[in-house]
Structure formats: C-alpha cells, structure tokens
Amino acid sequence: MALEYFQSGKYHEALLLFEKLDKDYALNPRYHAYMGICFYYEWLYEEACKYLDEAIPQLEGFAPHERSVYYYTAGESHFQLRQFQEAIFYFEKALTVCYEQEKGDIHYRLGLCHMFIEDWNTAKEQYDDALSELIRYRDTPDMQARIYQTAHMLKGCERKHEQLHPKETGAEEETAAAEKSAEKEKEKEADIIMSPTSASPTDSTTASVPIDTKPSTLSTPSTLPLTDNGVVKDTIHTDIPQTINIQDIFEQKVDIRE
C-alpha cells in the first residue's frame, strides 16, 4: 500500500506507512531512500537529507539513473537548506550517472551553488556548460525562460570575476595588445629595409592599451529568496514539485523535476 501511494504521488500517505513499517521492521536502505524522496516532496528538507545521506552510500550497486534521482534529490535538499558544499557534492555525483538531457539542469544548479559561495569563475563555467546542454537538448518553448536566465547569469558571473580580478584580466589583454603592436612595428621595419630610398628605421615604443576595469556587477541578493516557511524559491518555477513515479525510476524513464 505504501508503494502504491508512492507511485501515485501521494507522498504524505506513503510516508506515514513507511514510517510505521520502518519502526516495526527496520526497512532497508532503498526504502529509506524512498522515504527521503517523500520528505523532499513534503518540503521537509532536513529529514530528506538525513535519510538520503544515510542511504545513498549503501546503494552504489543500483541502476545508474535510479542513483541519479537520489543524488539530485539530496543535492536539492541540501541546497534548500543553503548547505551549498554538500549540494555541490551530490550534484557532481548526479552528473556521472544521469541522462545527457538532464545535465543542463544539474550544471545550472551547480552554477547557483558556486555563485552563492562567491566562486564566480567556477559558477561562470557551470553556467556555460548549462547553457550549452540546454540549447543542445532542451531548446523548447517552455525552456526559453531558463535558457535566457542562464545566459544572463553567465554574463553576470563573468563581469563579477573581472571586477574582482582586474589585474589578471587586464594583464592578458595588455599582453595581447603588446604582441600585436610589436608585430606591426616589425612589419614597418621590414618595409623600410626593403625600400631603396628609405632612411634608418627610427625607434618606437609601444603605446599602452587602456583597460576598462569598471565592469558592471552582478546583482546577487545577500540572502536567498525564501518563502514563509524558509524554503528557497526557484527563480523560474514556483509551483509545487512534480511527482516522481517509482515505476518510471525502475524503468529508467523518469525525468528530473524542474
């Protein structure tokens, strides 16, 4: 009966039965993972983390995509609790076993995690990967808002990184400009030498190239947008998470929720 409730997306009813069964019979790690998913869909993220963190290390022998669901759910639960390092760990694990068309969403989540811990360069790389994967596999009308947002976040992280590391960025641009100027000077000297009426080449110095070190900054809130009960809001999808059908998990046809 608990599995039937679980399959039909009635996670509250399923959880009540799972908890009673676990008390009476000590359920195995796979059922604890089911319970973690139930807690996740009930928005009880601390309990979800507790059960998934315990169960996941004992499920390494299960099908890759089933494990990807557990990894992703654990990552989302830790993210909602603003435990970004733990979320990064699980999202990176999910990338190794998920379907190709699911990688864009996971890279996007990793970009958010790195952005909130102010690792701007890594966040930029994750958003870049997310944008490529979303355009490749999920360039559909319902995903245009997410694709646009990902591109915007990518540019914002680039500007933030350049703002915090102007010397690094400026040095690269100055080096390229100096090399280009030196090549032009060599071409001028060669023209003078080849000309029969030319005088001796005059000395020249390479002008420095001004670098704009005042890029605009990414407007990131100091705290995450929260609901009344402390849940982090998704910036695109604000509805209640869609259900996961356990049978689809076993058949490896389930999609990661938006």
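# Briefing: an all-helix chain

The protein chain here has 11 helices and zero strands. Keep in mind that this is a predicted model. Follow the protein chain along its sequence and you get α-α-α-α-α-α-α-α-α-α-α. Of the 258 residues in the protein chain, 40% are buried. If you take the contacts with a separation of 6 or more, 60% of them link residues 24 or more positions apart.

**How α3 packs**

- Start with α3 and helix α4 (residues 45-55), whose axes come within 8 Å and cross at roughly 160°.
- An angle over 145 degrees counts as roughly antiparallel, and α3 and α4 are therefore described that way.
- The crossing of α3 and α4 is left-handed.
- On the α3 side, the residues in contact are Pro 29, His 32, Ala 33, Met 35, Gly 36, Phe 39 and Tyr 40.
- Facing them from α4 are Tyr 45, Glu 47, Ala 48, Tyr 51, Leu 52, Glu 54 and Ala 55.
- α3 also packs with α5, this time at an angle of about 45° and with the axes 10 Å apart.
- That makes α3 and α5 oblique to each other, and their crossing is left-handed.
- Here α3 puts in Arg 30, Ala 33, Tyr 34, Ile 37 and Tyr 40.
- Their partners in α5 are Glu 66, Val 69, Tyr 70, Thr 73, Glu 76 and Ser 77.
- Ala 33 and Tyr 40 turn up in both lists: they meet residues of α4 and residues of α5.

**α5 against α6**

- The axes of α5 and α6 lie 8 Å apart, and the two helices pack at an angle of about 160°.
- α5 and α6 are therefore roughly antiparallel to each other.
- Their crossing is left-handed.
- From α5, the contact is made by Ser 68, Tyr 71, Tyr 72, Ala 74, Gly 75, Glu 76, His 78 and Phe 79.
- From α6, it is made by Phe 84, Glu 86, Ala 87, Tyr 90, Phe 91, Lys 93 and Ala 94.
- Glu 76 is worth a second look, as this α5 residue is part of the contact with α6 and also of the one with α3.

**Aromatic rings**

- The count of aromatic pairs comes to 16.
- One of them is Phe 18 with Tyr 34, a tilted pair with 6.3 Å centre to centre and 45° between the planes.
- Phe 18 sits in helix α2 (residues 11-25) and Tyr 34 in helix α3 (residues 29-41), so this pair ties together parts that are 16 residues apart in sequence.
- Both rings belong to buried residues: the relative accessible area is 1% for Phe 18 and 3% for Tyr 34.
- Phe 18 and Tyr 34 are also members of one aromatic cluster, which includes Phe 6, Tyr 11, Tyr 31, Tyr 40, Tyr 41 and Tyr 45 as well.
- Tyr 40 and Tyr 45 of that cluster also show up where α3 meets α4.
- Elsewhere, Arg 146 lies over the face of Tyr 108, at 4.1 Å from the ring centre.

**Two buried polar residues**

- Gln 80 belongs to helix α5 (residues 64-80).
- With a relative accessible area of 9%, Gln 80 is buried, because the cut-off for that is under 20%.
- Gln 80 and Tyr 45 are 35 residues apart in sequence, yet 7.1 Å apart in space, C-alpha to C-alpha.
- His 107, in helix α7, is buried too, at a relative accessible area of 11%.
- Leaving aside residues up to four places away in sequence, His 107 touches Leu 95, Gln 126, Asp 129, Ala 130 and Glu 133.

**Positive phi in two loops**

- Arg 82 is not a glycine, but has a positive phi of about 65°.
- You'll find Arg 82 in the loop between α5 and α6 (84-95), where the residue counts as partly exposed at 42% relative accessibility.
- Glu 118 also has a positive phi without being glycine, with a value near 65°.
- Its place is the loop between α7 (103-116) and α8 (120-137).
- At 56% relative accessibility, Glu 118 counts as exposed.

Key. Residues numbered from 1 in each chain as written. Predicted model: local features only at pLDDT ≥ 70, side-chain atom pairs only at ≥ 80, totals over all residues. Heavy atoms only, no water. Helix = DSSP H or I, 4+ residues; strand = E, 2+ residues; numbered from the N terminus. Buried < 20%, exposed > 50% of the residue type's maximum accessible area, 1.4 Å probe, protein only. Phe/Tyr/Trp six-rings, centres within 6.5 Å; stacked < 30°, edge-to-face > 60°. Lys NZ or Arg CZ within 6 Å of the ring centre and 35° of its normal. Axes fitted to C-alpha atoms, helices over the stretch in contact; angles between N-to-C directions. Parallel < 35°, antiparallel > 145°, perpendicular 65-115°, else oblique. Left-handed = near helix turned anticlockwise from the far one by under 90°. Contact = heavy atoms within 4.5 Å.
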